[in-house]
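Reader: I am new to this structure and would like to learn how to read it, one feature at a time. Could you give the general idea first and then the case at hand?

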Amino acid sequence: MWPLRDDPNVLILFFENIKMNPVENIQKINEFMGTQRSPELIQQIADATSFNNMKAAKISQKKQNAVLSESFMKITNKVDQMYRKGQIGDWKNHFTVADNEMVDEFLAKWPLSKEIPFVYEVPADSTE
């Protein structure tokens, strides 16, 4: 997908950027799609799609759809974990040192890794 980043029909956004600046990134989508939504609506969308609001809505919906959730768990043998923490850098809580070294080695060999602006943790001057 990265080679298409300059294609006028492709918009690439990163979770970390959306998390740090939701309004700015929703505005990018607005401009990309040519929808001309107002700044007020963009702010409302940012508020409605915040991690905490979406997680709360998911819990509420789950209570309403308890039978469906139970069926999902029986089929997949998994608890629905669509919403974990919604934090930048949470991967560090799940990767072992060996996992991290494997990813570092892969990225060192992958030419595009130097072009893609990966964000691994919240910058010190950011308010995640």
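Author: The turns below go from the overall fold to single residues, a charged pair, a surface patch and a pocket. This is a predicted model, in which local features need pLDDT of at least 70 and side-chain atom pairs count only at pLDDT 80 or more, while totals for chains, interfaces and linings use all residues. Residues are numbered from 1 along each chain as its sequence is written, and side-chain values use heavy atoms, with hydrogens and water left out.

Reader: How many helices and strands does the protein have?

Author: Helices (H or I, at least four residues) and strands (E, at least two) are DSSP runs, numbered from the N terminus. By that rule the protein has 6 helices and 0 strands, and the pattern along the sequence reads α-α-α-α-α-α.

Reader: What share of the residues counts as buried?

Author: Buried means under 20% relative accessible area, exposed over 50%, and partly exposed in between, with a 1.4 Å probe and protein chains only. Of the 128 residues of the protein, 14% count as buried. Helix α2 holds Asn25 and Asn30; Asn25 is buried because its relative accessibility is 3%, and Asn30 is buried because its value is 7%.

Reader: Which residues touch Asn25 and Asn30, leaving aside those within four places in sequence?

Author: Contact means heavy atoms within 4.5 Å. With those neighbours set aside, Asn25 touches Leu13, Asn17 and Ile18, whereas Asn30 is in contact with Thr35, Gln36, Arg37 and Ile42. Asn30 and Ile42 are 12 residues apart along the chain, and their C-alpha atoms are separated by 8.3 Å.

Reader: Gln36 appears in that list; what is its phi?

Author: Most residues other than glycine have a negative phi. Gln36 has a positive value, near 50 degrees, and lies in the loop between α2 and α3 (39-48). Gln36 counts as exposed because its relative accessible area is 73%.

Reader: How many salt bridges does the structure hold, and which residues form one?

Author: Side chains of opposite charge can pair when their charged atoms come close. A salt bridge is a side-chain nitrogen of Lys or Arg within 4 Å of a carboxyl oxygen of Asp or Glu. The structure holds 1 salt bridge, formed by Lys109 with Glu105, whose closest N and O atoms are 3.2 Å apart. Both residues lie in helix α6 (residues 97-109), 4 residues apart, about one turn of the helix. Lys109 is exposed because its relative accessible area is 64%, while Glu105, at 48%, counts as partly exposed.

Reader: Which residues make a nonpolar surface patch?

Author: Patches are made of residues with over 30% relative accessible area and no salt bridge, like charges being joined within 9 Å and nonpolar side chains (Val, Leu, Ile, Met, Phe, Trp, Tyr) within 5 Å. Here Leu11, Ile29, Phe32 and Met33 make a nonpolar patch of about 350 Å², with areas from the Shrake-Rupley method and a 1.4 Å probe, where for residues only the protein chains shown count as cover. Ile29 lies in helix α2 (residues 22-33) and is partly exposed because its relative accessibility is 32%.

Reader: Where does the largest share of the lining of the second largest pocket come from?

Author: Rolling a probe the size of a water molecule over the atoms shows where empty space is left. The largest share of that lining, 4 residues, comes from α6.
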